[in-house]
Amino acid sequence: MKLEVLTISDNRETQNTIIAKIRDLINYKNLEPGDKLPSERMLSDKFEVSRSNVRDAIQKLEFYGLLKSIPQSGTFVANIGVVAMNGMIEDILRLESPDFKSLVETRILLELKTVRLAALRRNEDDLIRIKETLDAYEAKALLGEDAVQEDLLFHLAIAKASRNSTMNTFMLTITPQIIIDFEKYHVCDKNQAVKGIKEHTEIYEAIKAQKTDLAKEKMKDHFSVLYQYCYS
């Protein structure tokens, strides 16, 4: 686990270094909104890093709306002023890795919203996907195996069913670190994992019945132990 966390930390430092260099390149070349950046291969050679590292940095800047990639065309500076762009990039570079408590708070706030939307907007394909993740979680939990990843996949399936791409993106963004922290702090023991089967089932049934308030209530109940863990 220590090795995994170290790798994530090193990757973040590399990513931030590339982001700073992209900022400097934009300023040096006086690139304006709509101007095209050099290709990933050229940036990789220029910065002496892998193309995957460059791609990750570009995707992060896209996430914050500072760059825009167009398939078959390239990556372009977004329609934002240079002063605002430099200020936002400085804020991005100063962002710290979120602690476990803040991740849990964010997850709870997001999921109490997404589960209501999922109950309102879900279709048959969504129900099939949610049920599949529920079954996968149940199978592992009953065997006493670690089911953290299956648990998160269940919640991601609900987020997708919400039809809110922004909330879904936020969930996808914080999920990897949540998985690492769950395993690191041993949040869920075997008994809690088995109890989670009933809670997941109740959430699924509320979504299936399109009972929005009940879905939110069941999700809130599901998070009670996790909330107590963080604040006890």
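How exposed is Tyr64? Tyr64 is partly exposed, with a relative accessible area of 31%. The views below come from a predicted model.

**View 1. Phe63 and Tyr64 pair edge-to-face.** Two aromatic pairs are counted. In one of them, the ring centres of Phe63 and Tyr64 are 5.1 Å apart. Their planes make an angle of 85 degrees. That angle is over 60 degrees, so the pair is classed as edge-to-face. Phe63 is partly exposed as well, at 36% relative accessibility. Tyr64 sits in the loop between helix 3 and strand 1, the strand of residues 67–70.

**View 2. Phe63 also pairs with Phe170.** Here the ring centres lie 6.2 Å apart. The planes stand at 75 degrees, so this pair is edge-to-face. Phe63 belongs to helix 3, residues 51–63. Phe170 belongs to helix 8, residues 165–185. The pair therefore ties together parts that are 107 residues apart in sequence. Phe170 has a relative accessible area of 36%, so this residue counts as partly exposed.

**View 3. Phe63, Tyr64 and Phe170 make one aromatic cluster.** Phe63 takes part in the pair with Tyr64 and in the pair with Phe170. The three residues also help to make a nonpolar surface patch. Met88 and Leu95 contribute to this patch too. Its area is about 420 Å². Why can Tyr64 be part of such a patch? Patch residues need over 30% relative accessible area, and Tyr64 passes that cut-off because its value is 31%.

**View 4. Helix 2 has a buried side and an exposed side.** Helix 2 runs over residues 40–47. Which of its residues are buried? They are Glu40, Leu43, Ser44 and Phe47. These four cover an arc of only 105 degrees around the axis, so they lie on the same side of helix 2. An α-helix has 3.6 residues a turn, so residues three or four places apart point the same way. Asp45 and Lys46 are on the other side of helix 2, where they are exposed.

**View 5. Glu48 follows helix 2.** Glu48 comes just after the helix. What is the sign of its phi angle, positive or negative? The phi of Glu48 is positive, at about 60 degrees. Just before Glu48, the helix ends at residue 47, and Phe47 is one of the buried residues.

Note on methods: Residues numbered from 1 in each chain as written. Predicted model: local features only at pLDDT ≥ 70, side-chain atom pairs only at ≥ 80, totals over all residues. Heavy atoms only, no water. Phe/Tyr/Trp six-rings, centres within 6.5 Å; stacked < 30°, edge-to-face > 60°. Buried < 20%, exposed > 50% of the residue type's maximum accessible area, 1.4 Å probe, protein only. Helix = DSSP H or I, 4+ residues; strand = E, 2+ residues; numbered from the N terminus. Patch = residues over 30% accessible without salt bridge, like charges linked within 9 Å, V, L, I, M, F, W, Y side chains within 5 Å. Areas by Shrake-Rupley, 256 points an atom, 1.4 Å probe, with all protein chains shown as cover. Salt bridge = Lys/Arg side-chain N within 4 Å of Asp/Glu carboxyl O. Arc of directions from axis to C-beta.
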